[in-house]
Amino acid sequence: MRFQGTDDYIATQDLTIAVNAAITLQRPLLVKGEPGTGKTELARQVAEGLGLPIIEWTVKSTTRAQQGLYEYDAVGRLRDSQLGDERVNDVSNYIRRGKLWEAFDRDDRCVLLIDEIDKADIEFPNDLLQELDRMEFHVYETNETVRARVRPIVIITSNNEKELPDAFLRRCFFHYIQFPDMETLKKIVAVHHPDIKDKLLTVALTKFYEVREQQGLKKKPSTSEVIDWLKLLLAEDLSAEDLRRDGGDALPKLHGALLKNEQDVALFERLAFLKRREGR
C-alpha cells in the first residue's frame with residue numbers, strides 16, 4: 001500500500017516519502033505548513049489514492065480529547081430515569097461514540113484525519129498519547145476495551161499556532177510542507193485551471209511571488225489564495241498584458257484575493273505611492 005499522489009493533488013517526492021514512511025512505521029503522520037498549503041486535502045487525497053474511506057475529526061478551541069473517544073450522556077440518562085424510560089437499564093444507550101472509536105471499530109482500513117490539532121488546549125495531544133500509540137482505550141461506564149480491528153492511517157495537521165509536546169512528537173512521523181516553487185505551483189494550478197494560458201500564468205505567478213517575498217508582509221498569500229486569484233483573473237478575462245500594465249503599481253489587480261489584512265494593503269499602497277513619486 002503506497003501513496004503516489006492523485007490526479008487532483010500534486011504531491012512532491014518528499015511528501016509522498018513521508019506518507020509512505022508513516023504507513024510503514026504505523027505511526028501518525030504529523031503535517032505542518034502555512035495555512036492553505038493543502039494539509040487537510042492531503043489526508044483526503046491519501047484516502048482517495050489508496051481507495052480507503054476517511055473519517056475526519058476537525059479540532060476546535062473547545063474540543064476535548066475525550067470527545068474523540070466517547071462521551072457519556074449522564075444528564076440524558078437522569079432525565080429518562082425520571083420519566084420511567086426503560087432505556088436507562090442499559091448504560092450503552094447513553095454512550096456517544098467519537099471519531100477514534102468509529103475508526104477503531106471498522107473491519108477495513110481507513111484514514112483518520114485529526115485536523116488542526118494545535119487549535120485545542122495544550123493538554124489535548126497528551127491526552128491522546130496512549131490511544132494513538134496502542135490503538136485502544138477503555139470505556140469505564142461499560143467496562144469494555146475498544147481496540148482497533150485494523151490500524152487506521154492517522155494524519156494529523158497543525159498550523160503551528162502552538163508548540164506540541166515532545167512526548168507527542170516522539171510518536172509521530174513529521175513532515176513540513178514547504179511552499180511550492182514556481183514549477184510545482186504551475187502543476188498545482190493546472191489541476192484547478194487546466195485552460196489557463198501559459199503566458200498569463202507565468203506573469204501572474206511572477207507577480208504573486210513578488211507579493212509573497214515583499215519585506216514587512218504580515219500574512220503571505222498561500223496556494224489556495226493564488227488559485228482563487230487566478231480564478232478571478234480568468235473570470236475578468238484579464239491578459240498577461242493587463243498585469244504587466246500595472247507594473248508601476250505595487251498593488252496587484254484584484255488584490256483582495258491575496259492580501260487579507262489592512263496592514264498589508266497599506267504596505268503596498270505606500271510602495272505604490274513611492275513608485276509614483278519616484279517616477280515624476
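Which residue does the side chain of aspartate 80 meet in a salt bridge? The partner of aspartate 80 is arginine 79, with an N to O distance of 3.8 Å. This pair and other sites of the predicted model are presented in the close-up views below.

**Figure 1. The salt bridge between aspartate 80 and arginine 79 in the predicted model**. The two side chains meet at 3.8 Å, N to O. Aspartate 80 is classed as buried because its relative accessible area is 8%, under the 20% limit. Arginine 79, in contrast, is partly exposed at 47% relative accessibility. Over the whole model, the count of salt bridges comes to 18.

**Figure 2. Arginine 77 in helix α4**. The helix spans residues 74-82. With a relative accessibility of 26%, arginine 77 counts as partly exposed. Its side chain and that of tyrosine 72 are joined by a polar contact of 3.2 Å. Beyond the neighbours within four places in sequence, the contacts of arginine 77 are Tyr72, Val88, Val91 and Tyr94. Aspartate 14 lies 63 residues away from arginine 77 along the chain, and the C-alpha atoms of the two are separated by 51 Å.

**Figure 3. Lysine 39, a buried residue without a salt bridge**. Lysine 39 belongs to helix α2, which covers residues 39-50. Side chains of opposite charge can pair when their charged atoms come close. For lysine 39, the nearest side chain of opposite charge is that of glutamate 116, at a distance of 6.4 Å; a salt bridge would require a nitrogen to oxygen distance within 4 Å. Polar partners are nevertheless present: the side chain of lysine 39 forms a polar contact of 2.8 Å with the side chain of asparagine 159, and it reaches the backbone oxygen of glycine 33 at 3.3 Å. Setting aside neighbours within four places in sequence, the residues in contact with lysine 39 are Val31, Lys32, Gly33, Glu34, Thr157, Ser158, Asn159 and Ile177.

**Figure 4. The open five-stranded sheet and helix α1**. The strands follow the order β2-β5-β8-β1-β9, with parallel pairing. At the edges stand β2 (54-58) and β9 (173-177), each of which pairs on one side only. From one strand to the next, the twist averages 20°. Helix α1, residues 13-25, packs on this sheet and touches β1, β8 and β9. The direction of helix α1 makes about 165° with that of β9. Within the sheet, strand β1 (residues 29-33) is paired with strand β8 (residues 153-158) over four bridges in the parallel sense. Lysine 32 has serine 158 of β8 opposite it.

**Figure 5. Strand β5, covered on both faces**. What is the burial state of the residues of strand β5, residues 111-115? Five of its five residues are buried. Val111, Leu113 and Asp115 lie on one side, while Leu112 and Ile114 lie on the other. Strand β5 pairs with β2 over five bridges, in the parallel sense. In that pairing, valine 111 of β5 is the bridge partner of isoleucine 54. Four bridges join β5 to β8, and these strands also run parallel. Isoleucine 114 stands opposite isoleucine 156 of β8.

**Figure 6. Salt bridges of arginine 106 and glutamate 136**. Arginine 106 is bridged to aspartate 108, their closest N and O atoms being 2.9 Å apart. Both members of this pair are partly exposed: arginine 106 has a relative accessible area of 26%, and aspartate 108 has a relative accessibility of 34%. Glutamate 136 forms a salt bridge with arginine 147, with the closest N and O atoms 3.0 Å apart. Because glutamate 136 lies in strand β6 (residues 136-139) and arginine 147 in strand β7 (residues 144-147), the pair ties together parts that are eleven residues apart in sequence. Glutamate 136 counts as partly exposed at 26% relative accessibility, whereas arginine 147 is exposed with a relative accessible area of 52%. A further set of salt bridges, sharing partners, joins Arg97, Asp105, Asp107 and Arg149 into one network.

**Figure 7. The buried residues of helix α9**. In this helix, residues 182-192, the buried positions are Thr184, Leu185, Lys186, Ile188 and Val189. Among the elements that cover them are α10 (198-212) and α11 (223-235).

Definitions and conventions:
Residues numbered from 1 in each chain as written. Predicted model: local features only at pLDDT ≥ 70, side-chain atom pairs only at ≥ 80, totals over all residues. Heavy atoms only, no water. Helix = DSSP H or I, 4+ residues; strand = E, 2+ residues; numbered from the N terminus. Buried < 20%, exposed > 50% of the residue type's maximum accessible area, 1.4 Å probe, protein only. Lys, Arg positive; Asp, Glu negative; His and termini not counted. Polar contact = N/O pair within 3.5 Å; in protein donor to acceptor, adjacent residues only side chain to side chain. Contact = heavy atoms within 4.5 Å. Pairing = 2+ DSSP bridges. Axes fitted to C-alpha atoms, helices over the stretch in contact; angles between N-to-C directions.
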